[in-house]
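Please work through the exercises below with the sequence and the coordinates open beside you, and try each task before reading its solution.

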Amino acid sequence: MATLKTTAAGAAEAAPAAPLTTTPQPTRAYLTVAVDEDSGEVTETSRFRYLAGHPRQIRFDAKAGQFNIGGTTPLGSSLSFVPLAWRIFQDDILNMGRKTWAELFFVDEKGAVCAVLFHGYSVENLYRLIEPLFYDDLTLADVKVKVQAEKKETTKDGKKATYYIAQFSYEAADPAEVAALRDYAADFPIWRAETYTGLADIKTSAGYTVPQAEDQPAQLEAGDPAPAIAA
């Protein structure tokens with residue numbers, strides 16, 4: 001057995017060391033890098049999927065206190081995400097008359113860029129979250145926001161009725177995810193065509209960009225090669 005051990009050790013010492021390969025760092029935080037082992041070609045692909053101007057629609061059903069995708073697929077009574085972009089504005093959209101709205105954009109667990117709208121008391125609650133962040137030198141883009149449906153009751157004409165508003169809280173976010181979302185919002189126009197009229201009175205916004213028609217970018221989907229970013 002001693003001879004076998006010595007021989008194995010000698011063979012290990014004689015074997016050439018495996019070459020060390022270094023994967024280059026991505027040029028933007030939302031990209032992943034792959035290196036072709038044969039050609040050495042480096043390819044960058046996006047982690048996120050987004051059809052510009054048409055994010056996945058997440059709806060808040062204030063009557064049921066539930067979130068859903070496009071009015072069909074249920075998501076439960078809460079959402080958690082790091083905001084990609086947002087705006088608080090007044091406008092007449094979706095045939096609902098002029099209201100104050102909060103529109104938040106984020107990336108879901110599948111890498112899809114999504115948008116969700118709130119109005120009424122929910123917008124006031126979002127302001128209550130923004131204020132302490134401001135005094136801590138933070139924005140919504142720096143934290144992971146949790147939105148929870150909260151049940152309320154009202155009495156009208158002697159009858160009780162229930163409805164839900166959105167309550168907002170936050171916790172620390174993964175710095176790498178924050179960096180990826182910030183880079184993505186800087187490189188691509190984050191907006192929703194169905195809610196854009198050109199007549200909104202913007203109260204506050206960040207990362208929200210509506211491109212001119214001639215500047216509409218090519219769509220970038222997860223797995224697609226990344227375009228060159230102008231310096």
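The exercises that follow concern a predicted model, and each task is paired with a worked solution.

**Exercise 1. The chain as a whole**

Task: State how many helices and strands there are in the chain, and what percentage of its residues count as buried.

Solution: Begin with the secondary structure, where three helices and twelve strands are found in the chain. Turn next to burial, which applies to 33% of the 231 residues. The surface can then be described, since the chain exposes about 14000 Å², of which carbon and sulfur atoms supply 51%. Finally, consider the contacts between residues at least 6 apart in sequence, among which 58% join residues at least 24 apart.

**Exercise 2. Length and faces of helix 2**

Task: Compare the span expected for helix 2 with the distance between its end C-alpha atoms, and then determine where its buried residues fall when seen down the axis.

Solution: Helix 2 comprises 15 residues, 121–135, so that at 1.5 Å a residue it should span 21 Å, and this agrees with the 22 Å that separate its end C-alpha atoms. The second step is to list the buried residues of helix 2, which are Ser122, Val123, Asn125, Leu126, Leu129 and Leu133. Seen down the axis of helix 2, these buried residues fall within an arc of 160°, and they therefore line one face of the helix. An α-helix has 3.6 residues a turn, so residues three or four places apart point the same way. On the other side of helix 2, the exposed residues are Tyr121, Arg128, Glu131, Phe134 and Tyr135. The last step asks what covers the buried residues of helix 2, and the cover includes strand 3 (56–61), strand 7 (85–92), strand 8 (98–107), strand 9 (113–119), strand 10 (143–156) and strand 11 (159–172).

**Exercise 3. Two residues with positive phi**

Task: Give the phi values of Asn95 and Asp137, and decide whether each residue is buried or exposed.

Solution: Most residues other than glycine have a negative phi, and most peptide bonds are trans. Asn95, a residue other than glycine, has a positive phi near 55°; Asn95 lies in the loop between strand 7 and strand 8, and its relative accessible area of 81% makes Asn95 exposed. Asp137 likewise has a positive phi, near 60°, and is found in the loop between helix 2 and strand 10. With a relative accessibility of 70%, Asp137 also counts as exposed.

**Exercise 4. Aromatic pairs**

Task: Classify the ring pair of Tyr30 and Phe48 and that of Phe105 and Tyr208, and locate the partners in the chain.

Solution: The aromatic pairs in this model number 13. For Tyr30 and Phe48 the ring centres are 6.5 Å apart and the planes meet at 25°, so this pair is stacked, the cut-off for stacking being under 30 degrees. Tyr30 lies in the loop between helix 1 (2–14) and strand 1 (31–35), whereas Phe48 lies in the loop between strand 2 (42–46) and strand 3, so the pair ties together parts that are 18 residues apart in sequence. Tyr30 is buried, with a relative accessible area of 1%, and Phe48 is buried as well, at 2%. The pair of Phe105 and Tyr208 is tilted, with 6.0 Å from centre to centre and 45° between the planes. This second pair links distant parts of the chain, because Phe105 belongs to strand 8 and Tyr208 to the segment after strand 12 (201–206), 103 residues apart. Both Phe105 and Tyr208 are buried. To complete the picture, Tyr30 and Phe48 form one aromatic cluster together with Tyr184 and Phe188.

**Exercise 5. Surroundings of Ala166 and Ser78**

Task: Establish whether Ala166 is buried or exposed, and find which residues are in contact with Ala166 and with Ser78.

Solution: Ala166 has its place in strand 11 and counts as buried, at 0% relative accessibility. The C-alpha atoms of Ala166 and Ala149 are 4.7 Å apart in space, although the two residues are 17 apart in sequence. Leaving aside neighbours within four places in sequence, Ala166 is in contact with Phe60, Phe118, Ser122, Asn125, Val147 and Gln148. Ser122 and Asn125 are among the buried residues of helix 2. Ser78, placed in strand 6 (residues 78–81), counts as partly exposed at 28% relative accessibility. With neighbours within four places again left aside, Ser78 is in contact with Phe67, Lys146, Val147 and Gln148.

Notes: Residues numbered from 1 in each chain as written. Predicted model: local features only at pLDDT ≥ 70, side-chain atom pairs only at ≥ 80, totals over all residues. Heavy atoms only, no water. Helix = DSSP H or I, 4+ residues; strand = E, 2+ residues; numbered from the N terminus. Buried < 20%, exposed > 50% of the residue type's maximum accessible area, 1.4 Å probe, protein only. Contact = heavy atoms within 4.5 Å. Areas by Shrake-Rupley, 256 points an atom, 1.4 Å probe, with all protein chains shown as cover. Expected span 1.5 Å × (residues − 1). Arc of directions from axis to C-beta. Phe/Tyr/Trp six-rings, centres within 6.5 Å; stacked < 30°, edge-to-face > 60°.
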